[in-house]
Amino acid sequence: MDACDILFARNGYLGTSLRDIASEAGVRIGVLHYHYGNKHLILEAALDRKLGLLQETIAAGITDAEEGAECVEPEEIVSAFILPFMQAAALVDSPLRNYIVMTSHLMSAYRMPELRPILAKLGVISEMLTDRIQRHRPGISERNLLAGVYLIEVALIFMVQDPGFLDDLSDNHHSVDRLEEMAAPALCFFTGGLEYLDRLEVCA
């Protein structure tokens, strides 16, 4: 499973073979065929393995943002959602780093029929953001909210799979302690977009 995280994060689904995974894991390819059968089933096992950890990590951030507050601003919710991704991307030894990069690469292959039911499992992550914004801003139409969340996720996916961005976060350019400062412009952009969509009567 560790080998899957590494290779799917580095090469994507189409760029990784069962032979690559076997080589990285130091096992015979027959072992993979025996336990998993084919590549998309081993991918599903790899995705399932840390999905709960990602949910727990994001939920903890959102809970902290909501603690003691009846109404939370969208910027605080969006911040609580995206910062765990950026923190994991910034820490080379984070248990979620390769997993997050892997899942971001997978989204570019979501049209493949065998991957659709697997990638649909990631919908629970999107729902965490959607549900919380709806709770604190019930006036936002569902259509515009879904559009806004989709655009936030597209930007986040690009950010965490961009090697230059990851290098800047994890090497000598920026420290993890400055993540909130680095994220501030993106947060303003994301939340400003949500609020603008909320004001639109028609979203083309």
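What follows is a working chat about helix packing, salt bridges and a few individual residues in a predicted model.

Biologist: Before we start, what are we looking at, and which residues count?

Modeller: This is a predicted model, in which local features need pLDDT of at least 70 and side-chain atom pairs count only at pLDDT 80 or more, whereas totals for chains, interfaces and linings use all residues. Residues are numbered from 1 along each chain as its sequence is written, and side-chain values use heavy atoms, with hydrogens and water left out.

Biologist: OK, how do H4 and H8 pack?

Modeller: Helix H4 (residues 39–66) and helix H8 (residues 123–136) pack at an angle of about 15°, and their axes are 10 Å apart. Axes here are lines fitted to C-alpha atoms, for helices over the stretch in contact, with angles running from 0 to 180 degrees between N-to-C directions; helices are DSSP runs of H or I with at least four residues, numbered from the N terminus. The angle therefore makes H4 roughly parallel to H8, a term that covers angles under 35 degrees.

Biologist: Left-handed or right-handed crossing?

Modeller: H4 passes H8 in a right-handed crossing, meaning that the near helix is turned clockwise from the far one by less than a right angle.

Biologist: Which residues of H4 and H8 meet?

Modeller: From H4, Leu-51, Leu-54, Gln-55, Ile-58, Ala-59, Ile-62 and Glu-66 meet Val-124, Ile-125, Met-128, Arg-132, Arg-135 and His-136 of H8, where contact means heavy atoms within 4.5 Å. The residues of this contact of H4 with H8 divide into eight nonpolar, two polar and three charged, with Ala, Val, Leu, Ile, Met, Phe, Trp, Tyr, Cys and Pro counted as nonpolar, Asp, Glu, Lys and Arg as charged, and the others, Gly among them, as polar.

Biologist: What does Glu-66 pair with over in H8?

Modeller: Arg-132 forms a salt bridge with Glu-66, the closest N and O atoms being 2.9 Å apart, and the side chains of Arg-135 and Glu-66 also meet in a salt bridge, at 3.8 Å from N to O. By salt bridge I mean a side-chain nitrogen of Lys or Arg within 4 Å of a carboxyl oxygen of Asp or Glu. Arg-135 in helix H8 and Glu-66 in helix H4 are 69 residues apart.

Biologist: And is Glu-66 buried or exposed?

Modeller: Glu-66 counts as buried, at 12% relative accessibility, whereas Arg-132 is partly exposed at 26% and Arg-135 is exposed at 57%. The cut-offs are under 20% relative accessible area for buried, over 50% for exposed, and in between for partly exposed (1.4 Å probe, protein chains only).

Biologist: How many salt bridges are there by that rule?

Modeller: The count comes to eight salt bridges. One of them joins Asp-48 to Lys-121, with the closest N and O atoms 3.0 Å apart; this pair links distant parts of the chain, as Asp-48 is in helix H4 and Lys-121 in the loop between helix H7 (116–119) and H8, 73 residues apart. Asp-48 is partly exposed, with a relative accessible area of 36%, and Lys-121 is likewise partly exposed, at 27%.

Biologist: Switching topic, what is buried in H1?

Modeller: In helix H1 (residues 2–11), Ala-3, Cys-4, Asp-5, Leu-7, Phe-8 and Ala-9 are buried, and what covers them includes helix H2 (18–25), H4 and helix H6 (97–106). Just after H1, Gly-12 takes a positive phi of about 75°.

Biologist: What does His-105 touch?

Modeller: Leaving aside neighbours within four places in sequence, His-105 is in contact with Phe-8, Ala-9, Gly-12 and Gln-161. His-105 lies in helix H6 and counts as buried, at 18% relative accessibility.

Biologist: And Leu-145, where is that one?

Modeller: Leu-145 lies in helix H9 (residues 142–161) and counts as buried, at 0% relative accessibility. Outside its neighbours within four places in sequence, Leu-145 is in contact with Thr-130, Ile-133, Gln-134, Ile-140 and Leu-194. Leu-145 and Leu-194 are 49 residues apart in sequence and 7.0 Å apart in space, C-alpha to C-alpha.

Biologist: Last one, is Pro-117 buried or exposed?

Modeller: Pro-117, which is found in helix H7, counts as exposed at 53% relative accessibility. In space, Pro-117 and Glu-44 are 9.3 Å apart, C-alpha to C-alpha, and in sequence they are 73 residues apart.

Terms used: Helix = DSSP H or I, 4+ residues; strand = E, 2+ residues; numbered from the N terminus. Parallel < 35°, antiparallel > 145°, perpendicular 65-115°, else oblique.
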